[in-house]
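Q: Could you take me through one part of this model in close detail, and show me how that part fits into the rest of the chain? I'd enjoy a connected account rather than a list.

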Amino acid sequence: MFPELNNLLNITPDRVDQGKLTLLCDAKTDGSFLVHHFLSFYLKANCKVCFVALIQSFSHYNIVGQKLGVSLTTARERGQLVFFEGLKSSVDVFFRVKGEPHPLQFLREASAGNLRPLYEFVQEALRPEDNGEAAWRCPVLLVDDLSVLLSLGMGAVAVLDFIHYCRATVCWKLQGNIVALVHDSRDTEDEENDILLNGLSHQSHLILRAEGLATGFCKDVHGQGLGEALPMAWGAAAPLLLLHGV
């Protein structure tokens, strides 16, 4: 984890905010370090985590997690972590019996419909225990990253609907948190990605934006601890934390 970032956000594994949607955004840099940070943070905070990983394999996240002091293998074995490996599942969906439910069912459809099967997967993964006893502090949905769904053929409106229903279940009903990464591709004039980014910005309670240095990479300057808190983001009411030079 990054202690400096936790200090800026005023959070610790012993003190976790609930009912929040945090948007991670990167521009001209790789913001995956923020995903690894929040994954390790919530596991250390004893939260139940549903991780929808659409970019990397389980082994990749597990190796990084071990460097940050957590074992994803152990967390998954004891039921704290539900890991959805999108890379593997995107292939498996084509070998399933037609009609059999799958979180990425839209990949087999002639026209991309909606993400209801993926929402139902999240809903089931974070469903409270039947005995009423809370084994974990609060549920957390982590998505890396939503931009991939656009690349797979889903429209921005469908992805925004998915997050809306996840917010209703995770943030409001279960009083948990959602953390999602989206790439800022404004330089490439990707209209669908812009719609997604702007829509999520207005729904989020907090936006963490990682940007590379305008002058390029410098080995003597890094983004750790170079956070700048800004009150507004793209007209949204959510506070923005800008990380330079990561």
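A: Happily! Let's start with glutamine 203, which is buried because its relative accessible area is 17%, where buried means under 20% relative accessible area, exposed over 50% and partly exposed in between (1.4 Å probe, protein chains only). This is a predicted model, in which local features need pLDDT of at least 70 and side-chain atom pairs count only at pLDDT 80 or more, while totals for chains, interfaces and linings use all residues. Residues are numbered from 1 along each chain as its sequence is written, and side-chain values use heavy atoms, with hydrogens and water left out.

Glutamine 203 belongs to helix H9; helices (H or I, at least four residues) and strands (E, at least two) are DSSP runs numbered from the N terminus. Not counting residues up to four places away in sequence, glutamine 203 touches Leu21, Leu160, Ile163, His164 and Arg167, with contact meaning heavy atoms within 4.5 Å.

That brings us to helix H8 (156-173). Its 18 residues should span 26 Å at 1.5 Å a residue, and the end C-alpha atoms are 24 Å apart, which agrees; the expected span is 1.5 Å times one less than the number of residues. H8 does have a kink of about 30°, centred on arginine 167, the bend at a residue being the angle between axes fitted to the seven residues ending there and the seven starting there. Among the buried residues of H8 are Leu160, Phe162, Ile163, Cys166 and Arg167. The buried residues of this helix pack against S1, H6, S4, H7, S5 and H9. After H8 comes glutamine 175, whose phi is positive, near 55°.

Now for the core. A nonpolar core is a set of buried Ala, Val, Leu, Ile, Met, Phe, Trp, Tyr and Cys residues joined through side-chain atoms within 4.5 Å. The largest one has 39 residues, of which Val52, Val122, Leu141, Leu146, Phe162 and Leu196 touch the most other members. Elements that each supply at least two residues of this core include S2, strand S4 (139-144) and helix H9 (191-203). H8 gives the largest share, nine residues. Apart from this core lies another, of 32 residues, among them Leu5, Val16, Ala53 and Ala210.

Valine 52 is worth a pause: leaving aside neighbours within four places in sequence, valine 52 is in contact with Phe84, Leu118, Val122, Leu141, Leu142, Val143 and Asp144. In strand S2 (residues 48-53) we also find lysine 48, which counts as buried because its relative accessibility is 13%. The C-alpha atoms of lysine 48 and alanine 125 are separated by 9.1 Å, although the two are 77 residues apart along the chain.

Phenylalanine 51 and tyrosine 61 are both buried. Phe51, Phe58, Tyr61 and Phe83 are linked into a cluster by ring pairs; rings of Phe, Tyr and Trp (its six-membered ring) pair if their centres lie within 6.5 Å, with planes under 30 degrees apart counted as stacked, over 60 as edge-to-face and the rest as tilted.

Finally, the whole protein: it has nine helices and eight strands, and 48% of its 246 residues count as buried. Among contacts between residues at least 6 apart in sequence, 75% join residues at least 24 apart.
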